[in-house]
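Hello,

Here is the structure I promised to pass on to you. Have a look at it first, and then read my notes below.

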Number of protein chains: 2
Amino acid sequence: MHYLKCESSAPESVDGRILKAALGLFVKSGYHNVSVHDIQRAADVSIGSIYNHFGGKEGIAKALYFHLLNEMQGMVDGVLVETESARERCNRIIELLFEYTETRRDIIAFVLHQRHQEFLPGEPPICSAAPFRAMREVIQQGMDNGEIRRRDPWVAASAVFGSAIRMIHLRLDEVVNEPLPRYLDEILAGTWQGMEPDAASSPKKRKPMDLPGQSGVVVSDR
Amino acid sequence: MHYLKCESSAPESVDGRILKAALGLFVKSGYHNVSVHDIQRAADVSIGSIYNHFGGKEGIAKALYFHLLNEMQGMVDGVLVETESARERCNRIIELLFEYTETRRDIIAFVLHQRHQEFLPGEPPICSAAPFRAMREVIQQGMDNGEIRRRDPWVAASAVFGSAIRMIHLRLDEVVNEPLPRYLDEILAGTWQGMEPDAASSPKKRKPMDLPGQSGVVVSDR
DNA sequence: GTCTATATCCAGATAGAC
DNA sequence: GTCTATCTGGATATAGAC
């Protein structure tokens, strides 16, 4: 929350400068192609400070990783209070991911476009981290309340978010040249066809839209 | 074609041993966490041989990269002669990708799950390589002949392949525990809903399935 | 072509003055 | 806490015998 929002021209904290510089370098060149000296130079601090604050390069990466996961969780939490139906929630999440890909590119690139396991040994895959679990939870609830056709949870999540994530990758690779929000409606239209349950498959409680606000959302279990 | 098919117990070529060992190590630990000594040990050859054959670690990676892209192109080419409609072709490609994810895991992991630009500087993103262009070409033809609803080519490609690729990633990350082919039908069912053109949007030449074999396929432009 | 032994380099990490 | 200078390990790459 406190780092990386630093568009202010005020003198930043040392931590913030280091993290911001590291994020930019990691995203541009990849973790292993960035040396502590590179970070030190870009952040305009000394090597000693880096080791004092973060214990080393991996410490920086860890801090960044958890910090950005936390920001992402905040985003998802925000969506959960703003919206009610699973469909609205997924759409809003995709919309925000698209926006951030343009306005906070490095964050999205670090979270969605890096192989964290290659430099954070012992970390589980990022898709098992809280915000991603929360996104799957949204879909699970949609299936439970009849809003989304019931199927394997992984398949459902991939069907809903797969094409959007693919577009983000293509955009980050700079093969897609238009800002992603421009494609939002087209993507969402395609996404939801085939997601509605047919009358036969989930005949029980069909109440697509009438969930009272915050209907038993159990997502903040991070 | 000649490497990596080496399930024979016959004594393999030195090149093949080196590439195979490197592939396994790169996929397991990531390019930058593998040293030439690691490869040398795993392939049971000397350092000298490695430098003689490939000029160094990056040379190995380059050779692997182009070799595997070539194998993938062969797979796509095979699909193009076996099938006719765009839908059949996409389905078959996804089916094969799912199969290979189980039976030739390292190949799929190297091609689809590594950040090549971090160790092959100067290479364009892999999605601009021939087999991926060919896959988009299939979709473009599907849109041209009215088989697929017309939309932005990137969006269409992401809609068709996005969820499948996402499932492959999840499988490679070992969060999905079932073999992917088990999900094939579920995935494909979801994929094609919403892909059909409605009567209004593409009213011209509606002939969904009656393309005579190899109808002007211009894909082998690699 | 294949190997071992060696050279060179540079990244990560530390020590210790201020 | 911050800095500079230094140490050390390990990686890539080479030399040169066979």
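**How the two copies relate**

A turn of 180 degrees with a shift of 0.0 Å along the axis lays chain B on chain A, with an RMSD of 0.0 Å. The copies were superposed by least squares on the C-alpha atoms of residues with pLDDT of at least 70 in both. The two copies are therefore related as by a two-fold rotation axis. Both copies use the same surface: 100% of the contact residues of chain B recur in chain A, where contact means heavy atoms within 4.5 Å. Within chain B, the residue that comes closest to the rotation axis is Gly162(B), at 2.4 Å (C-alpha).

Before you go further, please keep in mind that this is a predicted model, in which local features need pLDDT of at least 70, side-chain atom pairs count only at pLDDT 80 or more, and totals for chains, interfaces and linings use all residues. Residues are numbered from 1 along each chain as its sequence is written, chains are lettered from A and ligands numbered from 1 in the order in which they are written, and side-chain values use heavy atoms, with hydrogens and water left out.

**DNA strand C**

Which residues come nearest to DNA strand C? Of the 15 residues around this strand, they are Val36(A), Lys57(A), Ser49(B), Asn52(B) and His53(B); a residue is near a strand if one of its heavy atoms lies within 4 Å of it. Of the atoms of DNA strand C that come within 4 Å of the protein, sugar and phosphate account for 59%.

Some polar contacts (pairs of N or O atoms within 3.5 Å) are worth finding on your screen. A polar backbone atom of Val36(A) is 2.7 Å from a phosphate oxygen of DNA strand C. From chain B, the side chain of Ser49(B) has an N or O atom 2.9 Å from a phosphate oxygen of the strand, and a polar side-chain atom of Ser46(B) lies 3.0 Å from a phosphate oxygen.

Helix H3 (47-54) of chain A and helix H3 (47-54) of chain B each supply at least two residues of the surface near DNA strand C. Helices here are DSSP runs (H or I, at least four residues), numbered from the N terminus. H3(B) gives the most to this surface, with five residues.

**DNA strand D**

Around DNA strand D there are 16 residues, and Asn52(A), His53(A), Val36(B), His37(B) and Tyr51(B) come nearest. Sugar or phosphate makes up 55% of the atoms of DNA strand D within 4 Å of the protein, and bases make up the rest.

Look at chain A for these polar contacts. A side-chain N or O atom of His53(A) is 2.6 Å from a phosphate oxygen of DNA strand D. For Ser49(A), a polar side-chain atom lies 3.0 Å from a phosphate oxygen of the strand, and for Ser46(A) the distance from a side-chain N or O atom is 3.1 Å. The largest share of the surface near DNA strand D comes from H3(A), with five residues.

**Cysteines**

How many disulfides does the structure hold over all chains? There are zero, a disulfide being a pair of cysteine sulfur atoms within 2.5 Å. Cys90(A) has no such partner because the closest cysteine sulfur, in Cys127(A), is 16 Å from its own sulfur, too far for a bond. Cys90(B) is in no disulfide either, and the nearest cysteine sulfur, that of Cys127(B), is 16 Å away. Cys90(A) is buried, with a relative accessible area of 0%; buried means under 20% (1.4 Å probe, protein chains only).

Enjoy exploring!

Terms used. Polar contact = N/O pair within 3.5 Å; in protein donor to acceptor, adjacent residues only side chain to side chain. Buried < 20%, exposed > 50% of the residue type's maximum accessible area, 1.4 Å probe, protein only.
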